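Me: I would like a close look at a single part of this model, a helix with its packing partner and the ligand shells to which it contributes. Please set out the geometry and the residues in one connected account.

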Amino acid sequence: MAEARVRQKAVLQVLLAGIFLSCLLNPRLGVAQANAKATGVSKYVGPGSCAASACHGGVQPSSVTSVLQNEYSTWVVRDAHFKAYRNLGTPISQHIGRLLGIDNPAASPKCLACHSLVVSSQDKARDFDVEGVSCESCHGPASAWLEPHTLRGATTQKSVALGMLDLRDPMHRSEKCLSCHLGTADKDVDHKMIAAGHPDLVFELDSYSAIQPPHWKPAADPYHDVHLWAVGQAIQLRESLRRLARHAEGANWPEFSDYDCFSCHHGLTKPENSWRQERGYEHRTPGSPPWDSAHYAVFRILAREVDPAASQQLESQMQGVYETASDLNGSRKEVSEKASAASETANRLVAEINQTSFDQARAIGLLQAISAQADSIANQDTRSAEQATMALDTIFLCYEKQAGSHPAVRAAIDALFQEVNNPSAYNAPRFSSQMHKVNAALRDSGITVH
Ligand code: HEC
Ligand code: HEC
Ligand code: HEC
Ligand code: HEC
């Protein structure tokens, strides 16, 4: 037994030495590192620098090193981000380009900003070809930590101190993902682009982390994904408020992608069948498009639990944002000011939620509280219903992993997905009634806080 462990340790040391050697033997890296040392600022080296088979370009995952070492292969073979640049040359991109007056999307800074790693020559430690969204698009420019992170005794903390982005921290991870999946002042997918054919940017940190083919080892904490979800919600609310403020101050206002898509894009019915008319138009005039509050619909329940005082302040600020943004004749300045103030409160909650620990009791409390809000969530339209569905799914998955399966609850949650499958045909009373079934199934299965 002891012998086996010693042998394993020896193999590990040989492997780590191998990483070090093969990376240093890569002549392109030598230049990169010399540059980093000269300037003291980390610069981009391109994905090829990570691809050596003893670094991150292995074919099979390694079981002896702390990381899998086949990250590059996973990215090239399975990750949508690798294809992001190539997809700018497809017929659909040509079609989007044609409608927007862009000759060649694959050469347009407007598209490259999110679909590739484009950096100015002074931010590059060496020259490399334009590829998709690559290692450094997420992990940060590598020249300063590239060599040190291959040395024996290297740790994530040490690399982070040299400028690597700490993606294990859900806060940093979320901000990084949203820089492309929601946009920033410099890169944006607005309604014009969506109307030209670009997919709508719907993002939820935990679900998207689950879809991305993992090139990392799973977390040990069974409630890791709930934490990811919670922090992701807080940051996404903050960022969507900042986006609203930016748009209200900008050249194209109102910006329809800030509003609930399906308030405009739903099928019409006879008045006696219209759940929207039955529901009414609280805090806005009938027929005006509401600001998309989907990132608040579920988050408010979590906020109330974590910090009742801040959540009360946020509640009244959010109502102000909703009312002013949903009045298309209102003052843009007021929209921007209210959104900025609310984003500050959301920001306070971000830090608190990042430090909150999630366990079984909290998960059960959230499952119950979210499913108990069936009517109010359902009535806020499709996007909020989607958020609630993804939240219940995430939290329940974690609970099941720890406490065993409960087919009745699982079936009730799966049926919620059916209700949001065709967004233009979404029906709030039907969604709400299914959500009540989730709530009842939790109770009947004895999933309650004692
Ligand atoms: C530099 C911009 C950028 C960053 C940062 C980024 N993404 Fe993406 N992501 C994209 C683009 C562009 C696509 C679309 C790729 C394609 O299909 O052309 C995409 C696609 C995806 C997809 C596939 C979606 C689908 O419909 O299959 C997932 C999942 C995803 N991203 C998750 C994430 C996560 C999680 C993060 C943060 C850890 C992240 N992304 C960070 C730009 C980015
Ligand atoms: C703010 C960042 C951003 C900008 C700017 C942007 N995109 Fe995207 N694009 C994305 C993301 C994120 C996705 C993936 C959406 C998802 O699946 O959730 C995507 C997806 C796509 C897809 C669908 C790919 C697939 O797998 O089906 C096409 C096509 C596309 N973008 C083309 C373009 C074109 C053309 C431009 C420039 C006019 C552009 N994009 C600009 C972020 C961006
Ligand atoms: C779209 C964003 C994205 C891209 C692109 C990306 N990564 Fe990652 N990477 C992540 C995230 C998120 C994690 C998970 C952090 C965690 O929870 O441990 C991660 C984890 C890792 C880890 C494990 C780190 C650890 O401490 O366990 C390695 C190694 C890694 N990535 C290498 C790469 C390499 C090499 C590439 C390019 C071939 C790459 N990544 C591309 C987002 C990305
Ligand atoms: C205030 C109303 C309004 C809102 C909100 C709105 N749109 Fe639109 N959208 C329109 C109008 C008007 C058109 C142009 C329709 C036409 O030309 O027939 C359009 C066109 C489109 C088109 C192209 C036409 C088609 O049917 O394929 C798409 C796709 C689209 N919108 C998606 C969205 C998405 C996704 C959102 C939310 C992020 C959204 N819209 C929010 C009013 C709106």
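Reply: The account below begins with helix α9, turns to the ligands, and ends with other parts of the chain for context.

The model is predicted: local features require a pLDDT of at least 70, side-chain atom pairs count only at pLDDT 80 or more, and totals for chains, interfaces and linings use all residues. Residues are numbered from 1 along each chain as its sequence is written, while chains are lettered from A and ligands numbered from 1 in the order in which they are written.

Helix α9 comprises residues 170–181 and packs against helix α12, residues 224–249, at an angle of about 50° with the axes 9 Å apart. Because of this angle, α9 is oblique to α12. Helices are DSSP runs of H or I with at least four residues, strands are runs of E with at least two, and both are numbered from the N terminus. Axes are lines fitted to C-alpha atoms, for helices over the stretch in contact, and angles run from 0 to 180 degrees between N-to-C directions. Angles under 35 degrees count as roughly parallel, over 145 as roughly antiparallel, 65 to 115 as roughly perpendicular, and the rest as oblique.

The crossing of α9 past α12 is right-handed; that is, the near helix is turned clockwise from the far one by less than a right angle, anticlockwise being left-handed. On the α9 side the contact (C-beta atoms, placed from the backbone, within 7 Å) involves Pro170, Met171, Ser174, Glu175 and Leu178. Helix α12 contributes His227, Leu228, Val231, Gly232, Ile235, Gln236 and Glu239. By class, this contact holds 6 nonpolar, 4 polar and 2 charged residues. Here Ala, Val, Leu, Ile, Met, Phe, Trp, Tyr, Cys and Pro count as nonpolar, Asp, Glu, Lys and Arg as charged, and the others, Gly among them, as polar.

Helix α12 also carries Arg246. Arg246 is partly exposed because 18 C-beta neighbours lie inside 10 Å; with C-beta atoms placed from the backbone, 20 or more others within 10 Å would make a residue buried, and 12 or fewer exposed. Its C-alpha atom lies 9.1 Å from that of Ser340, although Arg246 and Ser340 are 94 residues apart in sequence.

Helix α9 also belongs to the surroundings of ligand 1, where its 6 residues form the largest share of the shell. A residue is near a molecule or strand if its C-beta atom, placed from the backbone, lies within 6 Å of it. Around ligand 1 there are 20 residues, of which Ala80, Ala84, Asn87, Cys177 and Cys180 come nearest. Besides α9, the helices α4 (80–83), α6 (109–115), α7 (135–139) and α11 (205–211) each supply at least two residues. The shell divides into 9 nonpolar, 8 polar and 3 charged residues.

Ligand 2 has 26 residues around it, with Ser93, Pro105, Cys111, Cys114 and Gly183 coming nearest. Two or more residues of that shell come from each of α5 (91–100), α6 and α9. Its composition is 15 nonpolar, 8 polar and 3 charged.

Elsewhere, the shell around ligand 4 draws at least two residues each from α10 (191–195) and α13 (261–264). Further along the chain, Lys333 lies in helix α18 (residues 332–355). Lys333 is exposed, with 11 other C-beta atoms within 10 Å.

Note on methods:
Contact = placed C-beta atoms within 7 Å.
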